[in-house]
Amino acid sequence: MNILIVTLHVAPSAQAVALAAGCLKAALPHHLQKQTTLLDIFPGQPHEELCATLLAHNPEVIAFPLYVWNRAQILELSRRLKQERPQVFLFAGGPEAGADSFGVLREGALDGVIRGEGEHPFAELLSNLEANKPLTCSAFVSRAVSSAGPLPPAACSDPAQLVSPWLSGQLELQEGCGVLWEVARGCHFNCAFCYDTKGRSGVCPLPFPRLRQELELFRRKRVSQIWVLDSTFNAPPERGKKLLRLLAEVAPEIHYHIEAKADFLDAETAELLTRLPCSVQIGLQSAQPEVLKPLRRKLDQEQMSRQLQLLTDAGVTFGLDLIYGLPGDNHQGFCNSLDFALNRQPNQVDIFPLAVLPGTELFASQQAFGIAGEMDPPYQLTANRSYPPADLAASRLLAAATDIFYNRGRAVGFFLQLCQAVQQSPAALLQSFADWLIRDRQLPLEQILAAETWWPTAILPLQLQFAADRLKHQQRGNCISIAIDLIHYHYLCAETVLADECCPIELSGKRGNRGKLRWRRNPQLHIHQFNHALADIERHGALPLTKLAGKLKPAREYGIFLRQGGDFIIEALSDEFAEFLLAADGRQDMISFSRNFPAVSRDEVDFAIAQGLLIPANA
């Protein structure tokens with residue numbers, strides 16, 4: 001039996017890992033594993049092309065993990081596959097198949113769906129198909145079942161019985177790759193808008209010995225980053241601490257992306273997080289307790305502030321999630337939530353419109369909550385009695401402005417200083433930025449709303465001009481030069497963190513021959529001329545802009561930013577040496593090029609080459 005498990009990812013990225021497919025294959029008997037192929041596909045490929053690609057494998061069975069982002073395309077693909085080859089058995093699993101089983105069967109041409117955790121039902125279903133037995137396996141809904149009939153319960157697996165797709169070799173690991181790492185299933189909480197529980201009550205951690213073995217494998221294979229799949233890894237706190245100790249013990253060099261429950265953060269957890277290169281994401285959703293309470297969430301603003309301050313004091317990178325359009329909320333409430341979030345100085349704030357997901361309490365009780373959502377993915381809110389359409393449009397624009405200026409513009413390091421200097425709250429300043437883009441820069445609304453298409457290099461000059469305009473408007477012209485320095489400083493720090501290391505390139509031959517070669521500046525090296533001394537910016541840069549303007553004297557100076565040997569290096573350079581490096585474009589040999597910079601010594605040239613500041617033009 002020829003079996004395909006096809007994963008349609010959001011986009012090519014380090015997170016495009018076919019984890020569900022790998023888990024399904026790992027659950028099969030060995031002889032069926034040998035007959036199973038995992039196939040990754042991506043949006044943008046024409047359905048005709050995808051259909052031909054899949055059928056080229058001559059499959060007898062095709063299975064699809066079904067999610068919000070791929071439901072429409074997968075179901076369209078299923079119709080084409082059935083048309084081309086009616087005898088192929090098609091079925092799906094995943095959140096969409098479990099939450100809206102009958103809807104999925106109506107829209108597509110699937111022979112059935114699996115509800116809940118799919119490993120054991122998948123293996124049972126294929127074994128029955130292979131033996132020509134009736135398809136009566138648990139959690140399977142056949143197309144033949146009437147939509148009026150009862151649905152089987154969603155399947156839940158014993159974590160101790162699950163086979164690791166990583167340890168069993170069903171998913172490949174390459175040096176530098178990313179990994180989606182499942183450490184538990186389920187959730188302690190039952191938020192009205194969330195489908196994380198997937199029919200499971202509480203949390204079932206995967207066996208700790210398995211997690212250790214997987215982590216040791218990731219370290220041996222030199223995995224670069226891991227997304228820890230557990231929406232509340234620190235609930236209860238001791239479970240989270242045990243996991244963090246394991247990460248620090250076995251693979252402290254890997255970067256971890258972790259989701260945490262703020263209620264359970266404490267000083268010990270913060271200290272354990274400092275032992276790892278990691279970022280922590282926390283679901284705030286709203287800073288309005290009265291909005292959250294009907295959704296089965298609690299918030300104590302003072303407690304939240306204290307616990308986030310633990311992360312800030314420890315130097316742990318963290319982000320916050322917000323949702324606009326929640327029942328009982330409005331645009332002003334969203335602005336209040338955004339102010340609360342940004343005043344905590346997160347590294348980023350991810351903002352989402354409310355999605356009314358099938359399978360959630362919110363979906364089932366839309367009338368009671370006073371909302372209505374789209375019936376098709378992505379199920380976004382269409383109406384809210386507390387949130388008029390104009391409010392929703394205003395929140396959408398403010399969310400885009402936040403993403404552009406704060407997140408993609410790497411503004412965390414200077415943002416609150418700018419707010420204080422121009423005497424605006426975070427939300428008000430970002431609204432001013434959105435208005436400025438439309439009024440002064442004459443950008444179309446659609447371009448601003450497409451925040452995901454913006455790049456930091458395009459945002460930087462807008463930040464500089466906007467900050468100067470706002471400071472002038474508030475009669476703070478004396479703060480402009482230091483504000484410009486701070487914006488550049490934090491931009492270059494972020495660029496350097498994300499850049500590769502600045503490494504020298506070894507050359508054969510004698511040292512004296514280097515002068516005959518052409519050299520260029522290493523692209524991982526950043527150089528900028530500041531309006532003030534770099535040491536003063538670093539020493540006093542956290543002060544309010546108004547105090548900095550009176551404290552720092554103008555002193556134009558070049559600074560160099562690079563990573564080398566695991567260190568983050570920021571140093572001042574002489575004007576001559578900086579201009580020498582900036583001009584090095586590889587068009588001339590070093591002997592000829594150096595004549596233009598008589599103040600730069602031979603030792604400085606040799607230092608630049610030895611440190612990798614200059615690399616061969618053809619490298």
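**Close-up 1. Glutamate 182 faces strand β10 in this predicted model.** Glutamate 182 stands opposite leucine 229, a residue of β10. Strand β7 covers residues 178-182, and β10 covers residues 225-229. The two strands run parallel and are joined by five bridges.

**Close-up 2. Strand β10 also pairs with strand β11.** Here three bridges link β10 to β11, residues 255-260. This pairing is parallel too. Within it, isoleucine 226 stands opposite tyrosine 256 of β11. Helix α9, residues 237-250, carries the chain from β10 across to β11. The resulting β-α-β crossover is right-handed. In a regular strand, side chains alternate between the two faces of the sheet.

**Close-up 3. Helix α21 is largely enclosed by the rest of the structure.** The helix runs over residues 480-498, 19 residues in total. From first C-alpha to last it reaches 27 Å. That is close to the 27 Å expected at 1.5 Å a residue. Of its 19 residues, 15 are buried, so the surrounding structure largely encloses α21. Buried here means under 20% relative accessible area. An α-helix has 3.6 residues a turn, so residues three or four places apart point the same way.

**Close-up 4. Val497, Leu498 and Phe568 make a nonpolar surface patch.** The patch measures about 290 Å². Helix α21 spans residues 480-498, and Val497 and Leu498 contribute to the patch. Phenylalanine 568 lies in strand β20, residues 567-573. Its relative accessibility is 34%, so phenylalanine 568 counts as partly exposed.

Methods: Residues numbered from 1 in each chain as written. Predicted model: local features only at pLDDT ≥ 70, side-chain atom pairs only at ≥ 80, totals over all residues. Heavy atoms only, no water. Patch = residues over 30% accessible without salt bridge, like charges linked within 9 Å, V, L, I, M, F, W, Y side chains within 5 Å. Areas by Shrake-Rupley, 256 points an atom, 1.4 Å probe, with all protein chains shown as cover. Salt bridge = Lys/Arg side-chain N within 4 Å of Asp/Glu carboxyl O. Helix = DSSP H or I, 4+ residues; strand = E, 2+ residues; numbered from the N terminus. Buried < 20%, exposed > 50% of the residue type's maximum accessible area, 1.4 Å probe, protein only. Expected span 1.5 Å × (residues − 1). Pairing = 2+ DSSP bridges. Right-handed = clockwise from strand over helix to strand, strands pointing away.
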